[in-house]
Amino acid sequence: MSDGQEALREPWDSLRRQREAASFGTWLFLGSEALLFGGLMMAFTVNRVLHGDAFAAAGHETNVVYGTVNTLVLLSSSLTMAIGAEAARAELRKPTLIGLSLTILFALTFLVIKGFEWRDDFREGLFPGPGFKLQEPATEIFFAFYWVMTGLHGLHVTAGIAVITWFTWQAWNGKRALRSPAFEAAALYWHLVDIVWVFLYPLLYLGGRA
Amino acid sequence: MSDIAAEGPIPGDAQPHQGLRGGPSYLTAEHGLAAWFLTTDHKRIALLYAAALTVFFFIGGAGAVAIRMELFTPQADLLSADGYNRMFTLHGTVMVWFFLVPSIPNTFGNFLLPLMIGARDLAFPRLNLFSWYLFVGAGALLVYALVAGGVDTGWTFYTPFSTAYSQSYVMAAALAVVLVGFSSIATGVNFIATVHMLRAPGMTWFRLPLLVWALYGTSLVIVLATPVLTLVLLLIVAERAFGLPIFDPAYGGDPLLFQHLFWFYSHPAVYIMILPAFGVVSELVTCFSRRQVFGYTFMVYAILWIAVVGFLVWGHHMFVSGQSLFANIVFSFLSFIIAVPSAIKVFNWTFTLYRGQITFDAPMLYALGFIGLFTLGGLTGLFLASVPIDVHVTDTYFVVAHFHFIMVGGTVSAFYGGLHFWWPKITGRMYPDVWARFAAVLMFFGFCFTFFPQFIMGFLGMPRRYQVYPPEFQIWHVLSSSGAVLLAGAYLLPMGYLAWSLIWGERAEEDPWKATGLEWRTSSPPPRDNFRTMPAVDTGPYLYHPDEEGPRHDRPQAHQNQGRET
């Protein structure tokens, strides 16, 4: 076991304290993110109450197969991320690299599937504007939220991929000590991205099918 | 109880050189551009922020100058109607997000928070630097929007005007505000983590100076409110850029929903702007009346009360927007509730003065001015919180005067007061005190001449955001514009003599005001690592006279420093 000094940064005296701070700071950031998506879901809910029937009709048009497969993919990525972060903490190099790499792979898979879904939606005329598929005006509001929510979530997935790839690369060539608190912080962020999807999935895909 | 720090030379230190205690000062420790622009030293980052904020203060100020010049006469003289809209939008957007919100937290907060709690730096020094670059990037984007043609929506970006009708650079401005929000959140997270994790040994929560408490409360509000602004501006961008009809009434969308989300951030933002000022004024009042702050624990609870209840009053911006009467009454009631902690603070500052040994140094003059102006601003806030009066004065100059009393009379006065108080610590130089007192008094009167007439004309019915008005209001506008000249002088004057002091000013002592806080237990300016040795704390703050004993009146009394060296 190394003493972890190479992971210690200013202004900390001990790695334990630094790890607590990294985790605490990340939690604060997640609180902020929760209000970002919370506000968005609140706005969605208000419109759903105002236009119940239109939202049910529009929700029926989303592609539930893609949505469900993506949910499974993203949940799996959270598992591999947890494995990677715990392995890093225990300074097990190989499981760390495998866990993180699988996470990146799952995340990319998520984006690819999402891309196919967006393409299909676009072709079906589910992007608000001229030639929109449904008649009821408020269905366009549903799909406005659909594109904003999945788009914003997709941006978070992309940011997560960038961060995890960077840390994995650093861990792989030894530039970042495995005891660095960064892996746990990245994992916390990744779980948030996952949890947000767990809320978006029923709101967007299951609402019109109840 | 050790008083070593205040006693001057360290035993065994043959030639105590102020600038070298604990190493060279942070200003001279490293040289070169990279040592500034890639620094992770919270003190240098505070100066970077100060420089950027000064630039934006001038840009926002230029907008104010254009507005006040145009309003000198009832006709349109200088600006087209559209040009006038762009000017007040520029003024509001720049002043709110690029000056007031970051003003005290990112300059004094950055500089002082670690010093006051006895830490070497903030919890995440590189995040701190990153937040400055975000701020500058956001500023550049905003300047682009302004130079390219400006924005005409007002700083509130109300839909459907901002989404469907405005022909100006709304998207660039909205994205600039989104970016500056990220910068705010990064600072907020950093401050909260620092206060939780890096307090010196013995610095318990109820021994924290009130400025630290105020910054802590502010940071909580920043972290939890700003993302909602980010969201609502992203929705505007989505609607403008991609035609997604989120708020479009033609599809059944709800513009009122925009206002709810916007004010869910923007009312707490008022407390983001004023809470740090409360903290600064608490430090000043207690120091210059040589008196323990009255009701320390209540001051703390008042800060937290404001931070929490500040989230529950946003609906009072929408009394005439079509909100239900029931919601109006609830929001009105909650707005009265939040006046209570503000009143507690005003009363406690006043009681701190009572039987104190008051000296009228420049920082104290600013603080006293703050108390008066904030009280007026706060009381008129109660007028606006009552639905019937608000219906009468909605969108008039009464509202403009009210929030300028809070944000300009309050926050900017406190900012200048803090600048004079901590200037010796930040730069190691003393400024000419006579000039400083003159500037403080000038600022108070200039402010009153500018904004008090606006209460009157607002109550008489002068609406805000119009450049052409009936001639009977001209007298008030002329008063206001003339006062603005004084106020501008009072803002520029300190920039002159403070700059002068950098070269010709007397060298500052370690503790020129005989204050109690940890930031005065190190050299002026402090070394890179802040302290010679890390301090430890055994007492609460503000022991300007012995605990459990009233202040003396027959002679000046010694204060007890909060920290000691380990």
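I would like to start with B:Lys514, which in this predicted model is partly exposed, having 15 other C-beta atoms within 10 Å. That count falls between the two cut-offs, since a residue is called buried at 20 or more such atoms and exposed at 12 or fewer. As for where to look, B:Lys514 sits in the loop between α15 and β1 of chain B, and what draws attention to this lysine is the backbone, because B:Lys514 has a positive phi of about 55 degrees although it is not a glycine.

Most residues other than glycine have a negative phi, and most peptide bonds are trans. With that in mind, let me stay in this loop for a moment, the one that runs between α15 (474-504) and β1 (535-537) of chain B, for B:Pro525 is placed there as well. The peptide bond joining B:Ser524 to B:Pro525 is cis, and its omega is about -10 degrees.

Now to another loop of chain B, between α4 and α5, where we find B:Phe157. This phenylalanine, not being a glycine, nevertheless shows a positive phi of about 55 degrees. Is B:Phe157 buried or exposed? B:Phe157 counts as buried, because 24 C-beta neighbours lie inside 10 Å.

The loop between α4 (125-148) and α5 (161-165) of chain B also holds B:Pro160, and here again the backbone deserves a careful look, since the peptide bond from B:Thr159 to B:Pro160 is cis, with omega near 0 degrees.

Technical notes: Residues are numbered from 1 along each chain as its sequence is written. Chains are lettered from A and ligands numbered from 1 in the order in which they are written. This is a predicted model: local features need pLDDT of at least 70, side-chain atom pairs count only at pLDDT 80 or more; totals for chains, interfaces and linings use all residues. Helices (H or I, at least four residues) and strands (E, at least two) are DSSP runs, numbered from the N terminus.
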